[in-house]
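Please look through the structure below alongside its sequence, and keep both in view while reading this report.

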Amino acid sequence: MDNRTQQEILRQMTRRTFFKQVGYGMGGLALGSLFTESGFAAALQQTQARMDPLAPKKPMFPAKAKSIIYLFMAGAPSHLDLFDPKPMLVKYDHQPCPAEYLKGERFAFIKGTPKLLGSPFQFEQVGKAGHWVSELMPHFKEIADECAMIHSMSTTQFNHAPAQLFMNTGFQIPGRASMGSWLTYGLGSENKDLPGFVVLISGDSNPDGGKSCWSSGFLPTTYQGIEFRSQGEPVLFVDNPDGVSRQVRRDTLDALHDLNEDELKTSLDPEVDTRIAQYELAYRMQSSVPELMDISKEPKEIHEMYGTEPGKKSYANNCLLARRLVERGVRFVQLYHRGWDTHGSDQASDIKHGLVARCKETDQATAALIKDLKQRGLLEDTIVVWGGEFGRTPMNEGRGGSPYPGRDHHPHAFTMWAAGGGIKPGASVGETDDLGYMVSKDPVDIHDLHATLLHCMGIEHTKLTFLFQGRNYRLTDVYGNVVQQLLA
């Protein structure tokens, strides 16, 4: 070996590479120990995970659910106008808010002493469970008994982007892994031709938190949420460019695979494994995604039930796609529908017009999704979650003297619901005070919600960890308790 070759080897042997090699060496000793201690199954699982990071993994204990569909209403729906009626608000409508609620309080936009705002909508108790439901949700009334209501949710964040990040990742700053990423990291996926975590977007724009809401954070990027589009090219950059045949693509990927394998031997960087796996998944998706996204072949009665229109971008289409995805074994599907930010700055964003429009866009398809999953036997092992990033104030915002009724951001109390997959049908957890301002009974925070959903998926939330920068991280950080009242 000449001097130049030696210098090149030393140049490539960075401090980081050295420690990676030492780590892999220790890993090899541990692997040998597994074999000698009859740990063949565990060793095989490690090898399989290296070859296919999304291969199905066994839960930590028997699971009630296999997948989650998360219906994220970005912008934050008003619990006071949909699921949590307050007669006191109606009685004292347009009266100044009591001073004790305002002392030391910070609002996103409200200034001065705001006036209380009673809901203009009628409520009724429905089904055997007796859930209160607004007239804005007529279709939800049909499936209310399948759902568990959480009336005592709260968060620490009162602006959209950090609140959406907190709801999705358990932390308000970008950089942490989202719940969908944690689930696919912990459980893999049951369809090798589709991503384990799929995101579908509708509404007037992307969520305020952006793609960080479905980021894999410090987890390997193979667990990143993949955005599917219900209109146009389903997945950006997956199709072959003009003039490139499928065989040419296959030959190209084979060459890239060999190059990446050589790089892996030198750098021992696990992200190279991710790169190899993602190239192969993208190739398989060229065949699997077009069939998945073609909802035109669904029966007429299904389209009528959901209100779908093939070829258009809509929340209804995305709900039907969500059913098709979990039907094919995708672990986590998240729908974002933006536009729930009803400040009342104008007619389009007030509770008498904007909120009504959002309910019309979503109510039928949401109820149809629950009905469809149930009739196919999928609701038994699929959890459906519905909610936003926080609630809305019991007071009218009145920004700039606007005549349109609207509500500001409210982190102290809001409502979410869940159904299926180990969730107790008809359950009602928590209460708020007479104005719907603060939680008055059985508080549930975001970490509690995450811990409960992981529990239904067969995961002990304190044990699903990932070592990053010298510390074991988890979705629930150092918090979270399973909400027993939600469990079937």
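## Strand S11 and its neighbours

In this predicted model, strand S8 (residues 382-387) pairs with S11 in the antiparallel sense, and 3 bridges link the two strands. Within that pairing, Val-384 has Ala-419 of S11 as its bridge partner. Strand S4 (residues 147-154) is also paired with S11 in the antiparallel sense, here over 5 bridges, and Ile-150 is the residue that stands opposite Met-416 in S11.

Is strand S11 buried or exposed? Because 6 of the 6 residues of S11 (residues 414-419) are buried, the strand is largely enclosed by the rest of the structure. In a regular strand, the side chains alternate between the two faces of the sheet. Both faces of S11 are covered, since Phe-414, Met-416 and Ala-418 are buried on one side, while Thr-415, Trp-417 and Ala-419 are buried on the other.

## Strand S7 between parallel partners

A similar question can be put to another strand. For strand S7 (residues 332-338), 6 of the 7 residues are buried, and therefore this strand is largely enclosed by the rest of the structure.

Strand S1 (residues 67-72) runs parallel to S7 and is joined to it by 5 bridges, with Phe-72 standing opposite Tyr-336 in S7. Strand S5 (residues 197-203) also runs parallel to S7, to which 7 bridges join it, and in this pairing Phe-197 stands opposite Phe-332 in S7.

## Helices H9, H8 and H15

Helix H9 (residues 179-187) has 8 of its 9 residues buried, so this helix is largely enclosed by the rest of the structure. The buried residues of H9 are Met-179, Gly-180, Ser-181, Trp-182, Leu-183, Thr-184, Gly-186 and Leu-187. After H9 comes Gly-188, whose phi is positive, near 70°.

Two packed helices are described by the angle between their axes and by the distance between those axes. Helix H8 (residues 160-169) and helix H15 (residues 446-456) pack at an angle of about 30°, and their axes are 9 Å apart. Because angles under 35 degrees count as roughly parallel, H8 is roughly parallel to H15. In this contact, Phe-166, Met-167, Asn-168 and Thr-169 of H8 meet Ile-446, His-447, Leu-449 and His-450 of H15, and the residues of the contact divide into 4 nonpolar, 4 polar and no charged.

## The nonpolar cores

In soluble globular proteins, nonpolar side chains tend to be buried together. Which residues have the most contacts inside the largest nonpolar core? This core has 55 residues, and those with the most contacts inside it are Ile-69, Phe-140, Phe-228 and Trp-417. Helix H14 (residues 354-375) gives the most to this core, contributing 9 residues.

A second, separate core has 50 residues, including Met-179, Cys-213, Val-444 and Leu-487. Met-179 has already appeared above as one of the buried residues of helix H9.

## The protein as a whole

The secondary structure of the protein comes to 15 helices and 17 strands, and 52% of its 488 residues count as buried. Among the contacts in the protein with a separation of 6 or more, 77% are accounted for by residues that lie 24 or more positions apart.

How values were computed. Residues are numbered from 1 along each chain as its sequence is written. This is a predicted model: local features need pLDDT of at least 70, side-chain atom pairs count only at pLDDT 80 or more; totals for chains, interfaces and linings use all residues. Side-chain values use heavy atoms; hydrogens and water are left out. Buried means under 20% relative accessible area, exposed over 50%, partly exposed in between (1.4 Å probe, protein chains only). Helices (H or I, at least four residues) and strands (E, at least two) are DSSP runs, numbered from the N terminus. Two strands pair if DSSP finds at least two bridges between them. Axes are lines fitted to C-alpha atoms, for helices over the stretch in contact, and angles run from 0 to 180 degrees between N-to-C directions. Angles under 35 degrees count as roughly parallel, over 145 as roughly antiparallel, 65 to 115 as roughly perpendicular and the rest as oblique. Contact means heavy atoms within 4.5 Å. Ala, Val, Leu, Ile, Met, Phe, Trp, Tyr, Cys and Pro count as nonpolar, Asp, Glu, Lys and Arg as charged, and the others, Gly among them, as polar. A nonpolar core is a set of buried Ala, Val, Leu, Ile, Met, Phe, Trp, Tyr and Cys residues joined through side-chain atoms within 4.5 Å.
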